[in-house]
Amino acid sequence: MERRNFIKEIGMMGGSGLLVSAFPWLHSCTLEAEKEIKGEKARLGVIGTGSRGMYHLNHLLTLPHVEVVALCDNYEPHLKQAAALFPNAKTFSRHTDLLSMPGIDGVFVVTPLSEHAHITIDALKAGKHTFCEKSMATTTEDCLAMYNTYKETGKVLYIGQQRLFDPKYLKAIEMIHSGIIGDITGIRCYWFRNNDWRRPVEHPSLERKINWRLYKEFSGGLMTELATHQLQVGNWVLKMIPETVAGFGDIIFWKDSREVYDNVCLVYRYANGINMTYESVISNKFNGLEEQILGHKGTMELEKGKYYFEEVKPAAGILQLINQIEHRMFDNVSFAGPSWVPETAQKYQGEYVLNKISQTEGSSTVGVVDDGSLELADAFCHSVITGRPAENLVEEAYYSSVLALLGLQAMEEQRIIKFPDEYKIPYLNFA
Ligand SMILES: NC(=O)c1ccc[n+]([C@@H]2O[C@H](COP(=O)([O-])OP(=O)(O)OC[C@H]3O[C@@H](n4cnc5c(N)ncnc54)[C@H](O)[C@@H]3O)[C@@H](O)[C@H]2O)c1
């Protein structure tokens with residue numbers, strides 16, 4: 001989606017001023033900002049050219065204000081596939097060598113989670129604007145160290161939380177904040193899949209290298225890989241962070257010597273008493289993925305880009321009549337009523353937040369089209385040219401990364417974890 005369409009699509013009739021005051025990290029996405037970088041290019045290096053790295057590189061190919069000048073991966077087959085896309089880029093197997101190359105303005109860090117913190121910190125300290133994939137790090141200490149380095153160096157840092165750039169999310173959150181579903185009374189996030197989450201491995205010696213997601217040394221499993229996206233949405237909606245978390249996790253189905261849970265169920269509790277539940281199971285996909293925001297007047301489903309009112313308008317007269325005769329029922333039975341309620345004339349399907357909605361069933365481990373990732377990469381490249389950080393973006397990502405890790409700790413230690421004060425950073429409440 002072009003920048004121009006992106007802004008139009010969100011449907012903020014008040015223009016980009018309103019857009020940026022509600023979502024300050026979108027500054028680079030305005031038409032006014034586009035004029036700032038006319039003719040200029042961000043010279044970029046990409047560290048980690050595996051599946052998500054290639055996804056970003058394919059996006060970068062389409063952006064006019066970008067030149068990919070360097071590539072780095074410590075696994076040759078992956079480096080070669082990226083070099084085939086950008087034959088003029090210099091290639092490296094060590095990130096420090098790439099960072100020493102003159103003429104690089106910014107880097108993408110698209111390595112496994114365990115490699116995010118030290119590479120990002122090295123890059124920021126080397127004076128490079130940095131885009132690091134989510135989640136931030138494997139420990140809360142490293143998340144904070146990344147945040148502190150970002151602040152100390154004054155360089156731009158983006159984290160790959162693409163929902164912050166997804167038009168359907170932006171529109172839906174704007175609607176929630178304007179009160180369309182009333183007072184928020186609960187948040188339900190879930191991500192269900194039915195696959196082993198494994199990638200094919202050519203030789204057993206490469207197992208941990210390729211399937212790093214399944215091993216604790218490199219990954220926090222479902223929490224850092226999936227939950228981090230959805231926990232961010234809960235905070236964004238409520239404009240605050242939870243105070244406590246408790247939960248359970250286990251390996252119940254994929255008992256194949258993996259170390260990370262294949263089943264998690266947690267409750268994050270906010271100071272106002274609102275609970276955000278988080279569930280993920282990868283041996284049943286019936287429920288798919290969703291972030292449901294429950295309000296006293298309605299429900300917003302952010303993944304679907306749909307909302308539903310609690311009280312629905314009466315059905316057309318003739319349908320009501322048939323319904324009453326056939327079912328002895330009246331029309332205002334809730335769409336989400338008890339399961340014994342027979343089909344009624346309502347068939348209330350809810351409303352879409354935008355005319356064009358791109359949806360995913362959530363099975364991809366690489367990325368999908370039109371989910372905000374292209375706009376996020378585009379905005380980063382813009383910031384690389386201007387040197388202007390994306391306000392509150394790192395903070396949103398920081399809290400979701402830390403919350404994912406606290407959730408993991410709560411499950412591993414089987415106790416309620418309170419958000420530690422020493423990990424609180426200034427968080428812009430953009431009300
Ligand atoms: N935002 C999203 O929706 C989304 C989607 C998928 C993946 N991701 C994130 O992207 C990151 C990468 O995931 P992936 O699926 O592409 O993994 P991957 O294993 O396919 O690719 C990672 C690459 O990094 C390379 N690498 C590892 N250590 C390195 C080092 N020290 N220096 C240079 N290269 C190194 C590996 O050889 C590999 O090619 C992860 O953090 C993941 O969570 C984000």
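Analyst: Welcome! Two residues are in contact here if their C-beta atoms, placed from the backbone, lie within 7 Å. This is a predicted model, where local features need pLDDT of at least 70, side-chain atom pairs count only at pLDDT 80 or more, and totals for chains, interfaces and linings use all residues. Numbering starts from 1 along each chain as its sequence is written.

User: At what angle to β8 does helix α14 run?
Analyst: Helix α14 covers residues 393–413 and lies across β8 (244–250), β9, β10 and β15. Helices (H or I, at least four residues) and strands (E, at least two) are DSSP runs. Using lines fitted to C-alpha atoms, with angles from 0 to 180 degrees between N-to-C directions, the angle to β8 is about 60 degrees.

User: Which strands stand at the edges of the sheet?
Analyst: The sheet is open, with mixed pairing (at least two DSSP bridges per pair) and the order β14-β13-β12-β11-β7-β10-β9-β8-β15. Each edge strand has a single partner, so one side of it is left without a neighbour in the sheet. Those strands are β14 (351–352) and β15 (417–418).

User: Which residue in β12 is the bridge partner of I293?
Analyst: Strands β11 (residues 289–295) and β12 (residues 298–301) pair in the antiparallel sense over 3 bridges. In β12, the partner of I293 is M300.

User: What angle does helix α11 make with β7?
Analyst: Helix α11 (residues 222–238) packs on this sheet, touching β7 (184–192), β9 (263–269), β10 (275–281) and β11. Its direction relative to that of β7 is about 160 degrees.

User: What phi does K239 take?
Analyst: K239 comes just after α11. Its phi is positive, at about 60 degrees.
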